[in-house]
Amino acid sequence: MIYIKSPEEIELMRPACRAVAVTLRKLRSFVRPGLSTLDLDRFAFDCLKEMNAKPAFLNYNGYPATLCVSVNEEIVHGIPSAKRILRNGDIVSMDMGAVINGFYGDAAITVPVGEISGGAAKLIEVTERSLDTGLSKVKAGARLGDVSSAIGNYAEAHGMGVIEEFTGHGVGRRLHEDPSIPNYGCPGTGPVLKPGMTLAIEPMLSLGDPELIILKDGWTAITEDGSYAAHFEHTVAVTEDGCEILTKE
Ligand code: MF3
Ligand code: CO
């Protein structure tokens, strides 16, 4: 069941979404070679604390950290570690959720560490644009398949692989609500979008084959062929004529 949020409920979602946006913006400039992925996690935890936000992922289904930090061929759900040191040329995806007022916000970015290859830069750019393209289809009366297909078609037209095992989702009083939002699909299919739906849309793309495996830690998803992957996500509210990005400052 897809919950429709009242304007008052959307107001209540704003602080958590803003806390996520602020933290990711600060992480973007904090990232540099030599830091461990655990350093990023601690930094995120402290940022959220300052804004009186609770980490949403910590202990969610047993996930052990504030931030998901996925480097290079890692797609999503990388567990922060003191042993994983960022190096020049890496790309790092940072995914985070926060809770304030009993409402969740969820967003992700992928950023370069120092100087990266042209291929990696293109992957990051296409992934972010695929999210923008999907968001441009969101409005009351559109179908979810319009959004999903726009993301997938954009990604494939630009030579990227579309990860199919993970999807976006509704978000609100829970981190994961209906509907599930694949990053591929057919226009004119799926649920009709209505004002007040709040959605976390999150394309994950690969530079090579999109097949994935899960590491023995039970969380980290990596591309089977070792190609780099990127991830962008926003929490948005559907409006009559488009959407409002809530995970924006
Ligand atoms: N960002 C992931 C999502 O959007 C959530 C990670 S779940 C956790 O669905 F378990 F890692 F916390
Ligand atoms: Co999400």
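**Exercise 1.** Which two side chains meet in a salt bridge at 2.9 Å, N to O?

*Solution.* Begin with the ground rules: this is a predicted model, in which local features need pLDDT of at least 70 and side-chain atom pairs count only at pLDDT 80 or more, while totals for chains, interfaces and linings use all residues. Residues are numbered from 1 along each chain as its sequence is written, chains are lettered from A and ligands numbered from 1 in the order in which they are written, and side-chain values use heavy atoms, with hydrogens and water left out.

Next, recall that a salt bridge is a side-chain nitrogen of Lys or Arg within 4 Å of a carboxyl oxygen of Asp or Glu. The pair sought is E74 and R84. Because E74 lies in strand β3 (residues 74-76) and R84 in the loop between β3 and β4 (91-100), their salt bridge ties together parts that are 10 residues apart in sequence; here helices (H or I, at least four residues) and strands (E, at least two) are DSSP runs, numbered from the N terminus.

Finally, consider exposure, where buried means under 20% relative accessible area, exposed over 50%, and partly exposed in between (1.4 Å probe, protein chains only). By this scale E74 is buried at 11%, whereas R84 is partly exposed at 28%.

**Exercise 2.** Find how many salt bridges the whole structure holds, and describe the one between E177 and K5.

*Solution.* A search of the whole structure gives seven salt bridges. One of them joins the side chains of E177 and K5, at 2.7 Å from N to O. This pair links distant parts of the chain, since E177 belongs to strand β8 (residues 177-181) and K5 to the segment before α1 (7-30), 172 residues apart. E177 is buried, with a relative accessible area of 10%, and K5 also counts as buried, at 6%.

**Exercise 3.** Where does L135 lie, and which residues does L135 touch?

*Solution.* L135 is part of helix α3, which covers residues 118-136. With a relative accessible area of 8%, L135 is buried. If residues up to four places away in sequence are not counted, L135 touches I201, H234, V236, C243 and I245, a contact being heavy atoms within 4.5 Å. One of these partners, H234, is 99 residues from L135 along the chain, yet their C-alpha atoms are separated by 9.0 Å.
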